[in-house]
Amino acid sequence: MADIQGSYDERFIAVPNSLSTMLDEGDAGASVAVFVDGEPVVDVWGGFTDADRTVPWQRDTITNVWSVTKTMTSLCALVLVDRGELDLDAPVGHYWPEFAAAGKEKVLVRHVLAHTAGLPDWDGTVGDLYDWPSVTARLAAQAPQWEPGTAAGYHSLTHGFLVGELVRRITGRTVGEFFAREVAGPLDADFHIGLPAEDDHRVALTIPPPGRDEDYTASAPGGTDPVTTTASVRVRDGNGVAWRRAEIPAASGFGNARSVALVQSVMACDGAVRGTRLLSPAGCGLARREQFSGEDRRLGMPVRWGLGYGLFDTGLGWGGWGGSLVVVDPGHRMAVAYVTHAMREPANDQRGMELLTSAYDTLQNPPP
């Protein structure tokens, strides 16, 4: 079996065993973490950081987690809501006056968090994503594609800019700066939205699925609505320096499973982890309030959206392009994170769910 590094509670041995199997079956490298009560019961990693399998994955290796970043950006907004600085029922234009144009006067903050604002498509190029003022100006000028709040359509790229601009308007800081100072810093979490150059040497570049090259793009949405986006993000874009430096708060977060599970343990533990309180219990519970249930117009499948998180049975969380995943279960005070740089085609990728199942099996059937 593939060699696995790190530590784990013997009761959860099924989790590192599952990771080892995945590496044996062809994955390059990954990390997995399970936190219960804000402490790691699994913190393991294995494999290699390069496609040629010459550089071992290390404890501090980080990689792009793609849309798992949305959970971090949404947490920033929930912190501001909990502090009374951001009102979920206020129009976005209250904080961002230029936004109240082209029929968006009734777009509420909660609509932006729940993918129901009607602005799912990006009408610029990938290069334009690196220019924050240009992105937000474009979004302010767009008209909604449906009556806000009446339908959901996954805001794949736009979600982070919409939420991030609210953070910036209220605090004067970019979402990456706010996250670093108010979330990652207090928790000592190795997660970054806007990666400093000094951390480049720790990055495991994204590897496209077998048979694909770096021009591989995200799968086309499964919905039937026409898509107006002109930006097709490729693997090579995500592997570029410009992507790492930019703050693209829906998709350009860099971290490992340990840092993802640590941060999202805040949502599992009533808002406090290791003596650091980021949210009140009531504020933490806001994320689990269902905002929409039904078929998502962009994903083409049934989805339940909370405030910034997808809702699954008793849990919440989200996954990223290529396989990374975080799921939080407040009932078990557990956060499970899987972070990989080895992509698979979405239809053939059950790795995160397999690891999640391994963790749940231990909770429900603990060894004697």
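**Entry 1: helix 1**

I began with helix 1, residues 14-24, and listed its buried residues: Val 15, Pro 16, Ser 18, Leu 19, Ser 20, Met 22 and Leu 23. I note here that the model is a predicted one. I then looked up what these buried residues pack against, and found strand 1 (4-8), strand 2 (29-36), strand 3 (39-47), strand 14 (334-340) and helix 12 (351-364). Just after helix 1, I recorded a positive phi of about 125° at Gly 26.

**Entry 2: helix 12**

I turned next to helix 12, one of the partners of helix 1. I checked its length: the 14 residues of helix 12, at 1.5 Å a residue, should span 20 Å. The C-alpha atoms at its ends are 20 Å apart, which agrees with that expectation.

Which residues of helix 12 are buried? I listed Arg 351, Gly 352, Leu 355, Leu 356, Ser 358, Ala 359, Tyr 360 and Thr 362. These buried residues pack against helix 1, strand 2, strand 13 (325-329) and strand 14.

**Entry 3: Gly 6 in strand 1**

I located Gly 6 in strand 1, and strand 1 is among the elements against which the buried residues of helix 1 pack. Is Gly 6 buried or exposed? Its relative accessibility is 47%, so I entered Gly 6 as partly exposed.

I also looked up its contacts, leaving aside neighbours within four places in sequence, and found Asp 43, Val 44 and Trp 45. Gly 6 and Val 44 are 38 residues apart along the chain, yet 4.3 Å separates their C-alpha atoms.

**Entry 4: helix 2 and helix 7**

I examined the packing of helix 2 (residues 69-82) on helix 7 (residues 175-187), and recorded an angle of about 70° with the axes 10 Å apart. Angles of 65 to 115 degrees count as roughly perpendicular, and I therefore describe helix 2 and helix 7 as roughly perpendicular to each other.

Which residues make this contact? From helix 2, I listed Met 72, Thr 73, Leu 75, Cys 76, Val 79 and Leu 80; from helix 7, Val 175, Phe 178, Phe 179 and Val 183. Sorted by class, the contact of helix 2 with helix 7 comprises 9 nonpolar residues, 1 polar residue and no charged residues.

**Entry 5: cysteines**

I searched the whole structure for disulfides and found 0. Cys 76 is accordingly in no disulfide, and the nearest cysteine sulfur, in Cys 284, lies 14 Å away. Cys 76, which I had met in the contact of helix 2 with helix 7, is buried at a relative accessible area of 0%.

Why is Cys 269 not bonded to Cys 284? The sulfur of Cys 284 is the closest cysteine sulfur to that of Cys 269, but at 8.4 Å it is too far for a bond. The cut-off that I applied to a pair of cysteine sulfur atoms is 2.5 Å. I found Cys 269 buried as well, with a relative accessible area of 4%.

**Entry 6: positive phi at two arginines**

I noted two arginines with positive phi, Arg 53 and Arg 333. Phi of Arg 53, a residue other than glycine, is near 60°. I placed Arg 53 in the loop between strand 3 and strand 4 (63-64). Its relative accessible area is 36%, so I entered Arg 53 as partly exposed.

For Arg 333, also not a glycine, I recorded a phi of about 50°. Arg 333 lies in the loop between strand 13 and strand 14, two strands against which the buried residues of helix 12 pack. With a relative accessible area of 31%, Arg 333 is partly exposed.

Key: Residues are numbered from 1 along each chain as its sequence is written. This is a predicted model: local features need pLDDT of at least 70, side-chain atom pairs count only at pLDDT 80 or more; totals for chains, interfaces and linings use all residues. Side-chain values use heavy atoms; hydrogens and water are left out. Axes are lines fitted to C-alpha atoms, for helices over the stretch in contact, and angles run from 0 to 180 degrees between N-to-C directions. Helices (H or I, at least four residues) and strands (E, at least two) are DSSP runs, numbered from the N terminus. Angles under 35 degrees count as roughly parallel, over 145 as roughly antiparallel, 65 to 115 as roughly perpendicular and the rest as oblique. Contact means heavy atoms within 4.5 Å. Ala, Val, Leu, Ile, Met, Phe, Trp, Tyr, Cys and Pro count as nonpolar, Asp, Glu, Lys and Arg as charged, and the others, Gly among them, as polar. Buried means under 20% relative accessible area, exposed over 50%, partly exposed in between (1.4 Å probe, protein chains only). The expected span of a helix is 1.5 Å times one less than its number of residues.
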